Amino acid sequence: MMTLWSFLLLTLATARVTRLVVSDQISISLRQKIVAKSGADGWFTYLVHCPFCVSVWLSGAASAYWILLADVSWWLYPPAVFAMAYLVAPVLLKFDQEN
């Protein structure tokens with residue numbers, strides 16, 4: 001049961017960090033620097049403005065942490081990454097609709 005709760009907690013944390021990177025005011029200067037460096041149409045510019053892209057990368061890191069924390073088998077890593085990224089999307093969409 002602790003494994004499920006830790007996965008859900010990390011999923012919510014991933015959603016929050018994704019929003020922090022993609023759209024919060026506190027990181028706007030970082031996003032502006034990235035646009036200045038890689039251009040308005042650059043790959044990295046797209047990456048830091050796309051919540052679905054950022055959530056996949058952050059889910060990769062969070063899932064690796066979860067595998068170590070919950071002491072589950074390493075073969076769960078790939079499905080955990082995709083499941084976490086999939087669960088982050090509705091959380092982000094719901095939060096953006098409220099604002």
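Of the 99 residues in the protein chain, 35% are buried. Keep in mind that this is a predicted model; the chain's mean pLDDT is 89, with 94% of its residues at 70 or more.

As for the overall layout, the protein chain has 5 helices and 0 strands, so to speak an α-α-α-α-α pattern when you read along the sequence. Its C-alpha atoms fill a box of roughly 45 × 30 × 20 Å along the principal axes. Take the contacts with a separation of 6 or more, and 58% of them join residues 24 or more positions apart. On the outside, the accessible surface is about 6700 Å², and carbon and sulfur atoms account for 73% of that. The chain carries 6 positive and 5 negative charges, whose mean positions sit 8 Å apart.

Confidence varies between the elements, and here are the two ends of the range.

| Element | Residues | Mean pLDDT |
|---|---|---|
| Helix H4 (highest) | residues 51-70 | 92 |
| Helix H5 (lowest) | residues 77-98 | 85 |

Now for the inside. The largest nonpolar core has 12 residues, among them Phe7, Leu10, Trp66, Ile67, Val72, Met84 and Leu92. Helix H1 (2-22), H4 and H5 each put at least two residues into this core. That fits a broad trend: in soluble globular proteins, nonpolar side chains tend to be buried together.

Trp66 is a handy core residue to click on. Ignoring its neighbours within four places in sequence, Trp66 contacts Thr3, Ser6, Phe7 and Leu10, and also Asp71, Val72, Leu76 and Ala80.

Ser63 is another one to look at, and it belongs to helix H4. Is Ser63 buried or exposed? Its relative accessible area is 0%, and since buried means under 20%, Ser63 counts as buried. Leaving out residues up to four places away in sequence, Ser63 touches Tyr77, Ala80, Val81 and Met84. Phe52 is 11 residues from Ser63 along the chain, and their C-alpha atoms are 16 Å apart.

Asp71, one of the Trp66 contacts, lies in the loop between H4 and H5. With 69% relative accessibility, over the 50% cut-off, Asp71 is exposed. Its backbone deserves a look too: phi of Asp71 is near 55°, a positive value in a residue other than glycine. For background, most residues other than glycine have a negative phi.

How values were computed
Residues numbered from 1 in each chain as written. Predicted model: local features only at pLDDT ≥ 70, side-chain atom pairs only at ≥ 80, totals over all residues. Heavy atoms only, no water. pLDDT = per-residue confidence, 0-100. Helix = DSSP H or I, 4+ residues; strand = E, 2+ residues; numbered from the N terminus. Core = buried A, V, L, I, M, F, W, Y, C linked by side-chain atoms within 4.5 Å. Buried < 20%, exposed > 50% of the residue type's maximum accessible area, 1.4 Å probe, protein only. Contact = heavy atoms within 4.5 Å. Areas by Shrake-Rupley, 256 points an atom, 1.4 Å probe, with all protein chains shown as cover. Lys, Arg positive; Asp, Glu negative; His and termini not counted. Charge placed at Lys NZ, Arg CZ, Asp CG, Glu CD.
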